Amino acid sequence: MKIERIELHHVSQPLVAPFRTSFGTQVTRPCILVAVYSEGLVGWGECVASDDPGYSYETISTAWHILGDFLIPPNLGREVTTPEDVTARYKGVRGHPMAKAGLENAVWDLLAQAKGVPLSAMLGGQRERVEVGVSIGIQPSLAEQLEKVDQFIAQGYRRVKMKIEPGWEMKPLAAVRERYPNLKLMADANSAFSLADAPLFREMDALNLLMIEQPLDHDDIADHAKLQAQIKTPLCLDESIHSPGHARWAIEINACRIINMKVGRVGGFSNALAIHTLCQEAGIPLWCGGMLETGVGRAANLHLASLPNFTLPGDISATDRYYHEDIAEPDFKLNVEDSTITVPTGSGIGVRVLPERLAKVRVRYEAFG
Ligand code: OSB
Ligand code: MG
């Protein structure tokens, strides 16, 4: 099929509650939705870059620039039969994985729709429901932290991730662990600590955490290996893994025992699949991370998380945990009996973007072709 037209939609949606991490607080969540048009079909992809370079160096502005000036032009008017046709045309562009994933993933949706199959089938997914949990931001007080955990558990979530930072670690984690001795509980530091904090992480071994996510620098792999050697709790890398190479280096030096897969962070589904294969062969389990996505990105995550080596619950929560009203439908609901979300079964990503909702939250738009 020929790529006839590509659109970029910068949207910004208010979150139901502010989301605080060690790198900042988000009140509204922006993203760029990429729409690829061909033969009467539209494929959608979500670029998860944020307003500021807090989680990653990419921002909405850098992604718009990279997409508009380097990724879209060589693909406009060109034929596409596999996603690799598109990625090959921007092979020379270094970095900017979130911008690349926005376009590549829209093409996967388009091709799956053209075949009339769900995206999960094209990716090699095998399960109909994906085990999920909730990621809780840093709270103003211990009481509010416990209240949030109570609320989400009452809603049916059976895995809880708590954000930590220096000064907000042992105490809130121990309080939640004391209240819920058997809860699948984990911590995400978003790179807020250093190797000198090893004694603190050794203390955390007593809390029986599922894992500790990205305690050290966003671009570090080597120090994580030194920390992992000193603690029993599995380390999980998020920020540090941008390519199959990074995953292999981390595994080879035992920098982690688990990897958080975010398709935006690794530059699209092709890289995600390569990392999936590599981790499966190395015996390293994956789980699907989240970036507070809209329904477009959440659907894509569910399809990806249906692959066999996603054996731990993902950060994919129900729509109402993020937004009062989303730009796509149907909303995602939690299956309370088993803390799962059902993978969409329609063709492509299996959600519909609603033009009137999109228009309400759109702040910038550009069409190519
Ligand atoms: O580190 O996993 C993270 C959200 C934005 C940026 C980084 C992270 C997160 C989350 C939220 O933890 C996960 C979700 O989408 O529910
Ligand atoms: Mg993380």
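This tour moves from the two domains of a predicted model to their interface and then to the ligand.

**The two domains**

Begin by colouring the protein chain in two parts. Domain 1 takes in residues 5–116 + 351–368, and domain 2 takes in residues 121–342. If a point is placed at the C-alpha centre of each domain, the two points lie 23 Å apart.

**The interface**

Next, select the residues where domain 1 and domain 2 meet. On the domain 1 side there are 39 residues in contact, and on the domain 2 side there are 46. The size of an interface is often given as the accessible area lost when the parts come together. Between domain 1 and domain 2 that buried area is about 3,700 Å², with carbon and sulfur atoms contributing 62% of it.

Now display the side chains at this interface. The rule finds 19 residue pairs in polar contact across it, counting pairs with both residues at pLDDT 80 or more. Salt bridges between domain 1 and domain 2 number 4. For a salt bridge to view in detail, select Arg357 and Glu325, whose side chains meet with a distance of 3.5 Å from N to O.

**Ligand 1 and its shell**

Move now to ligand 1 and select the residues around it. There are 16 of them, and the closest are Ser135, Asn190, Lys262, Leu292 and Tyr322. Which domains supply this shell? Domain 1 and domain 2 each provide at least three residues. Coloured by class, the shell shows 6 nonpolar, 3 polar and 7 charged residues.

**Contacts to the ligand**

Finally, centre the view on individual contacts with ligand 1. Select Ser135: a polar atom of its side chain is 2.9 Å from a ligand oxygen atom. At Lys262, a polar side-chain atom likewise lies 2.9 Å from an oxygen atom of ligand 1. At Leu292, look instead at the backbone, where an N or O atom is 2.9 Å from an oxygen atom of ligand 1. To close, show the protein surface around ligand 1: the protein covers 99% of the 390 Å² of accessible area that the ligand has on its own.

Methods: Residues numbered from 1 in each chain as written. Chains lettered and ligands numbered in written order. Predicted model: local features only at pLDDT ≥ 70, side-chain atom pairs only at ≥ 80, totals over all residues. Heavy atoms only, no water. Near = heavy atom within 4 Å. Polar contact = N/O pair within 3.5 Å; in protein donor to acceptor, adjacent residues only side chain to side chain. Areas by Shrake-Rupley, 256 points an atom, 1.4 Å probe, with all protein chains shown as cover. Nonpolar A, V, L, I, M, F, W, Y, C, P; charged D, E, K, R; others polar. Domains from an automatic or database assignment. Contact = heavy atoms within 4.5 Å. Buried area = accessible area lost by both parts, 1.4 Å probe.
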